[in-house]
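Student: I should like to go through this entry and ask what justifies each structural term. Please set each value against its criterion.

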Amino acid sequence: MSTSPVIKLASGEQIPIELHKVRMVQKLHLKPVEERLEAVKAAGYNSFLMSTRDIFLDMLTDSGTNAMSDLQVSSMLQADDAYAGSQSFDRVKQAVKDVFGKEYFLPVHQGRAAEHVIFQAFVSPGHVVPMNYHFTTTKAHIELPGGKIDEIFTEEGLKVKSTFPFKGNIDIQKLRNLIETHGADKIPFVRMEASTNLIGGQPFSVENMRQVRAVCQQHNIMLLLDASLIGENAYFVKQREAEFKDSSIGEILHTLCGLADLIYFSSRKVSSTRGGGICTNDVRLFDQLKDLVILYEGFLTYGGMSVREIEAMAVGLRETQDETVIGQSPAFIKYLVETLDAQGVPVVTPPGGLGCHVDAGGFLPHVPQTEYPAGALVAAYYIASGVRGMERGTISSVRDEAGNDLLADVELMRLAMPRRVFTLSQVKYAADRLLWLYKNRELVGGLRFEYEPKVLRFFLGRLVPTSDWPERLAAKFRADFGDSL
Ligand code: F0G
């Protein structure tokens with residue numbers, strides 16, 4: 001018997017089910033299409049620059065937007081305000097030990113702060129960091145001290161449509177080749193990212209991590225785990241890796257984390273709070289990092305976080321062991337992906353963690369990559385629905401030295417599914433409006449930059465459409481839906 005939050009109806013249909021009740025709510029705004037058109041224009045066609053005043057379903061990210069539990073919120077009242085030696089820290093340290101099996105813990109203010117500290121300590125010019133796939137902040141923080149990344153995903157990794165259960169796996173032969181080419185002394189660590197974000201929230205298997213660890217041990221290379229989405233990865237291991245079908249999520253978390261020498265995470269994701277952390281059982285690694293945490297983040301018992309957040313993080317980490325909690329997002333994502341897939345909308349399969357990833361290249365084949373199909377799709381979908389997604393394509397990439405866009409491997413629109421935030425009727429609405437947009441996809445055109453920042457341009461960049469396509473799309477919406485929102 002599974003405790004996965006999916007139930008079978010009498011008709012045989014399976015639906016995701018909310019195994020929680022809603023006890024505090026926030027009003028949402030579903031504005032008429034004409035106002036949505038104005039709002040996206042004012043935001044420079046960049047969903048990062050929009051206000052939630054203009055947004056119906058905020059599917060930008062799950063980062064800092066998962067719903068907290070009653071136990072998390074109430075734990076914040078027992079926070080121990082102290083610069084040093086706070087008992088709140090003792091509680092989170094114990095939670096890290098119980099959930100991840102790691103003795104030494106350094107709190108930091110969020111995931112990228114952990115990356116900053118770790119990469120400052122271990123990456124030097126000429127270093128190469130192999131990984132299953134990069135995350136935007138990871139790449140930027142490895143390149144800052146002069147390192148380079150090398151992505152060694154398997155052949156299945158970037159295929160949009162696939163039935164391969166572990167697209168986040170590392171290709172072991174590529175790892176061996178890379179070590180031979182560069183030499184182990186140029187590789188400070190191998191990085192594995194749980195539920196690999198940018199390729200569609202896709203997990204790796206325990207078996208793959210065991211193999212990576214064996215190669216690392218053979219060459220005396222450290223294995224670093226980005227555990228920001230480790231709960232979902234453990235959930236997929238239980239569902240998809242036969243050896244673990246009867247294991248608890250707690251046991252799988254211990255198995256995965258036990259294979260890593262050093263772990264970091266964004267608490268904005270893993271424990272539905274804010275903040276982040278670094279943990280290890282190796283006191284030498286802890287000693288190498290602790291001074292940098294004090295320098296950049298804060299004293300070792302708060303690391304830039306408020307003690308209230310630290311308390312909620314301790315509870316949230318423990319809740320990561322509960323399949324009904326960490327299975328919520330994957331269950332709703334699966335529903336959305338399968339609904340769209342059945343109607344021919346190109347989406348990343350198998351369904352992963354984090355969100356539903358729509359293949360903008362396949363959705364808008366008439367928009368060239370240099371006109372940012374993923375960004376255009378996010379803007380068009382907002383106009384059609386009031387739902388905010390995130391561009392994960394060439395806008396999220398960079399330019400080469402000649403000034404040309406480095407075209408992304410995949411052009412994706414990410415519709416994140418924050419944990420325990422949306423209901424099934426909202427998810428059905430999101431699917432319905434995307435299906436309408438798919439039928440009207442020829443109306444959607446491209447975008448070009450009007451203002452382009454040099455670093456992480458997707459956050460603050462402003463764009464304009466290459467024609468009056470947004471107006472024509474809004475007019476078609478009005479014609480089809482009459483006076484409905
Ligand atoms: N690693 C992964 C895998 C992430 O997904 C993120 C953040 C970070 C590191 C950085 O953590 O935001 O706390 O500094 N992902 C967010 C997202 C931003 O929207 O996917 P952070």
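Student: Where in the chain does P350 lie?
Tutor: In this predicted model, P350 lies in the loop that runs between α14 (328–342) and β10.

Student: What makes the peptide bond that joins T349 and P350 a cis bond?
Tutor: Its omega is about -5°, and the bond is accordingly listed as cis. Most peptide bonds are trans.

Student: Why is phi of Y45 singled out?
Tutor: Phi of Y45 is near 50°, which is a positive value in a residue other than glycine. Most residues other than glycine have a negative phi, which is why a positive one is pointed out. Y45 is found in the loop between α1 (33–42) and α2 (70–75).

Student: How do you know that β10 and β12 are paired?
Tutor: Two strands count as paired if there are at least two bridges between them. β10 and β12 (residues 412–416) have five bridges, in the antiparallel sense, so the criterion is met. As one example, D359 has L412 in β12 as its bridge partner.

Student: What makes β10 and β11 edge strands?
Tutor: The sheet is open and has three strands in the order β10-β12-β11, with antiparallel pairing. β10 (355–359) and β11 (390–392) each pair on one side only, and they are therefore the edge strands. From one strand to the next, the twist averages 30°.

Student: Why is the contact between T61 and the ligand called polar?
Tutor: A polar contact requires a pair of N or O atoms within 3.5 Å. A polar side-chain atom of T61 lies 2.7 Å from an oxygen atom of the ligand, so the pair qualifies. Q110 also places a polar side-chain atom 2.8 Å from a ligand oxygen atom, and for N197 the corresponding distance is 2.8 Å. The protein covers 95% of the 470 Å² of accessible area that the ligand has on its own.

Student: Which residues count as the shell, and which helix gives the largest share?
Tutor: A residue belongs if one of its heavy atoms lies within 4 Å of the ligand. The ligand is surrounded by 17 residues, the closest being T61, R112, D226, S266 and R414. α4 (111–122) and α10 (267–270) each supply at least two residues of this shell, and α4 gives the largest share, three residues. By class, the shell has two nonpolar, eight polar and seven charged residues.

Student: Why is the ligand said to lie between domain 1 and domain 2?
Tutor: Domain 1 (6–62 + 325–481) and domain 2 (70–321) both give residues to the shell around the ligand, so the ligand lies between them.

Methods
Residues are numbered from 1 along each chain as its sequence is written. This is a predicted model: local features need pLDDT of at least 70, side-chain atom pairs count only at pLDDT 80 or more; totals for chains, interfaces and linings use all residues. Side-chain values use heavy atoms; hydrogens and water are left out. Helices (H or I, at least four residues) and strands (E, at least two) are DSSP runs, numbered from the N terminus. Axes are lines fitted to C-alpha atoms, for helices over the stretch in contact, and angles run from 0 to 180 degrees between N-to-C directions. A polar contact is a pair of N or O atoms within 3.5 Å; within protein, one must be able to donate a hydrogen and the other to accept it, and residues adjacent in sequence count only if both atoms are side-chain atoms. Accessible areas come from the Shrake-Rupley method with a 1.4 Å probe; for residues, only the protein chains shown count as cover. Ala, Val, Leu, Ile, Met, Phe, Trp, Tyr, Cys and Pro count as nonpolar, Asp, Glu, Lys and Arg as charged, and the others, Gly among them, as polar. Domain bounds come from an automatic or database domain assignment.
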